[in-house]
Amino acid sequence: MNDDILYAPLPFKAKRDSSWDREGYNRDGKVYPASQASVLAEIPGPGMIVHIWFALSNFNAEEPLFLRKNSLEFYWDDNEFPSVRVPFGDFFGVGHGLIRDYTSALFEMSLNPGASTASFNCWVTMPFRERAKVVVNNESEAEIRLFHYFDYREMESLPEKLYYFHSNWRAEMPRRATPLIDGKEGANLTGHDNYCILDTRGEGNFLGCSLSVDNFTGGWWGEGDDMIFIDDEPFPPSFHGTGSEDYFNQAWGMQNICYPYAGTPLFNTDHANWEGQWSMYRYHIQDPIPFTKSLRATIENGHNNHRSDDYSSVAYWYQTPIVEALALPEMEGRLPRQHEYPN
């Protein structure tokens with residue numbers, strides 16, 4: 001929103017759905033049972049969610065990897081399927097079931113060290129015509145105590161052509177390696193074997209992604225070019241990058257930074273040679289990528305996909321028609337293979 005719009009009447013009513021104690025006491029956090037899906041909010045339309053805040057306890061002490069064992073689902077209008085289906089922590093930009101203090105243009109995390117409590121913020125705009133429903137799916141063995149705000153705009157109407165927010169989680173643990181040729185990396189002139197972050201059909205705009213890497217192979221895990229194919233185009237794609245760190249707006253490795261549109265919220269400060277777990281994000285807010293038929297966003301795992309590390313990712317995008325988010329693997333299938341907690 002431009003600053004000058006605040007000096008004129010706004011075409012909506014600002015409202016909030018929150019977990020405040022309806023009996024008037026200070027018991028504002030709601031408890032959601034273990035091994036159960038629970039509805040957090042149902043908001044009538046037309047409208048758009050503009051801010052989400054969660055406060056969560058017991059994510060780490062009672063239940064290791066709690067943030068991978070819980071997932072969020074968003075349902076738009078009268079669809080019986082979710083268009084957002086992502087593990088809780090990954091949705092907010094950090095993978096591996098971990099959490100770190102960081103801020104960006106779209107997502108934030110705030111950790112109380114040693115207290116097993118944290119807050120999460122999202123500023124992605126999510127429009128809907130009929131209704132929005134948000135569900136938390138708790139597949140852990142511990143109940144959740146969760147506080148929430150869903151700040152939204154009650155609208156008179158929305159544009160006739162409307163793109164809906166979508167988000168998918170993908171993982172390959174481990175990622176398949178392309179064999180070396182005489183001990184050397186070969187050429188990649190197709191992109192067919194790249195790690196896939198998003199593959200969708202429709203019309204919309206690519207908002208960005210987060211990528212988490214667990215380095216099992218050893219040594220520097222980057223040098224994987226990003227390749228984003230638009231509207232069924234052949235190789236080379238319209239967007240062909242020069243390396244993993246370059247796509248995330250860094251250079252010669254990752255830096256321990258978090259800027260509005262790109263950063264590394266999970267940086268292994270104790271690494272000797274890029275080992276361990278990492279999470280990066282890149283948001284196409286100032287440089288959106290539109291598509292009219294399809295979009296396939298990919299990145300190499302090392303040059304020509306020659307490495308075999310664990311990759312997981314979250315894609316964020318808008319599109320019409322509304323489509324179902326990818327199903328998540330069974331809980332055990334989405335937990336990281338190594339459970340060390342890097343600094």
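Visitor: In which helix is arginine 68 found, and what makes this residue count as buried?

Guide: In this predicted model, arginine 68 is found in helix α1, residues 66-69. Its relative accessibility is 0%, and buried means under 20%, so arginine 68 counts as buried.

Visitor: Which residues are in contact with arginine 68, leaving aside its neighbours within four places in sequence?

Guide: The contacts are Pro87, Asp90, Gly95, His96, Gly97, Trp169, Ser312, Arg334, Leu335 and Pro336. Contact here requires heavy atoms within 4.5 Å. In addition, the C-alpha atoms of arginine 68 and phenylalanine 88 are separated by 6.4 Å, although these residues are 20 apart along the chain.

Visitor: How do you know that a polar contact joins the side chains of arginine 68 and aspartate 90?

Guide: The distance is 2.8 Å, and the cut-off for a pair of N or O atoms is 3.5 Å. The pair is therefore counted as a polar contact.

Visitor: Why is aspartate 21 called buried, and what does its side chain reach?

Guide: Aspartate 21 has 9% relative accessibility; because the limit for buried is under 20%, the residue qualifies. It is found in the loop between β1 and β2 (30-32). Its side chain reaches the backbone nitrogen of arginine 27 at 3.3 Å. Not counting residues up to four places away in sequence, aspartate 21 touches Asn26, Arg27 and Asp28.

Visitor: What is the sign of phi in aspartate 77 and in aspartate 232?

Guide: Phi of aspartate 77 is near 55°, a positive value in a residue other than glycine. Aspartate 232 also has a positive phi, of about 65°. Most residues other than glycine have a negative phi.

Visitor: Are these two residues buried or partly exposed?

Guide: Aspartate 77, in the loop between β5 (70-76) and β6 (84-87), has 10% relative accessibility and so counts as buried. Aspartate 232, in the loop between β16 (226-230) and β17 (239-240), has a relative accessible area of 48%. Partly exposed lies between the 20% and 50% limits, so aspartate 232 is placed in that class.

Visitor: Which peptide bonds to proline 46 and proline 174 are cis?

Guide: The bond from glycine 45 to proline 46 is cis, with omega near 0°. The bond from methionine 173 to proline 174 is cis as well, with omega near 10°. Proline 46 is in the loop between β3 (36-44) and β4 (47-57), and proline 174 is in the loop between β13 (164-172) and β14 (195-201).

Visitor: How many disulfides does the structure hold, and why is cysteine 122 too far from cysteine 209 for a bond?

Guide: The structure holds zero disulfides. The closest cysteine sulfur to that of cysteine 122 is in cysteine 209, 15 Å away. A disulfide requires sulfur atoms within 2.5 Å, so this distance is too far for a bond. For cysteine 209, the closest cysteine sulfur is in cysteine 196, at 11 Å, again too far for a bond. Cysteine 122 is buried, with a relative accessible area of 1%, and cysteine 209 is buried, also at 1%.

Visitor: What makes leucine 6 exposed, and which residues form a nonpolar patch on the surface?

Guide: Leucine 6 has a relative accessible area of 57%; exposed means over 50%, so the term applies. Leucine 6 lies in the segment before β1 (12-18). The patch is formed by Ile5, Leu6, Tyr7 and Leu10, with about 450 Å² of accessible area together.

Technical notes:
Residues numbered from 1 in each chain as written. Predicted model: local features only at pLDDT ≥ 70, side-chain atom pairs only at ≥ 80, totals over all residues. Heavy atoms only, no water. Patch = residues over 30% accessible without salt bridge, like charges linked within 9 Å, V, L, I, M, F, W, Y side chains within 5 Å. Areas by Shrake-Rupley, 256 points an atom, 1.4 Å probe, with all protein chains shown as cover. Salt bridge = Lys/Arg side-chain N within 4 Å of Asp/Glu carboxyl O. Helix = DSSP H or I, 4+ residues; strand = E, 2+ residues; numbered from the N terminus. Buried < 20%, exposed > 50% of the residue type's maximum accessible area, 1.4 Å probe, protein only. Polar contact = N/O pair within 3.5 Å; in protein donor to acceptor, adjacent residues only side chain to side chain.
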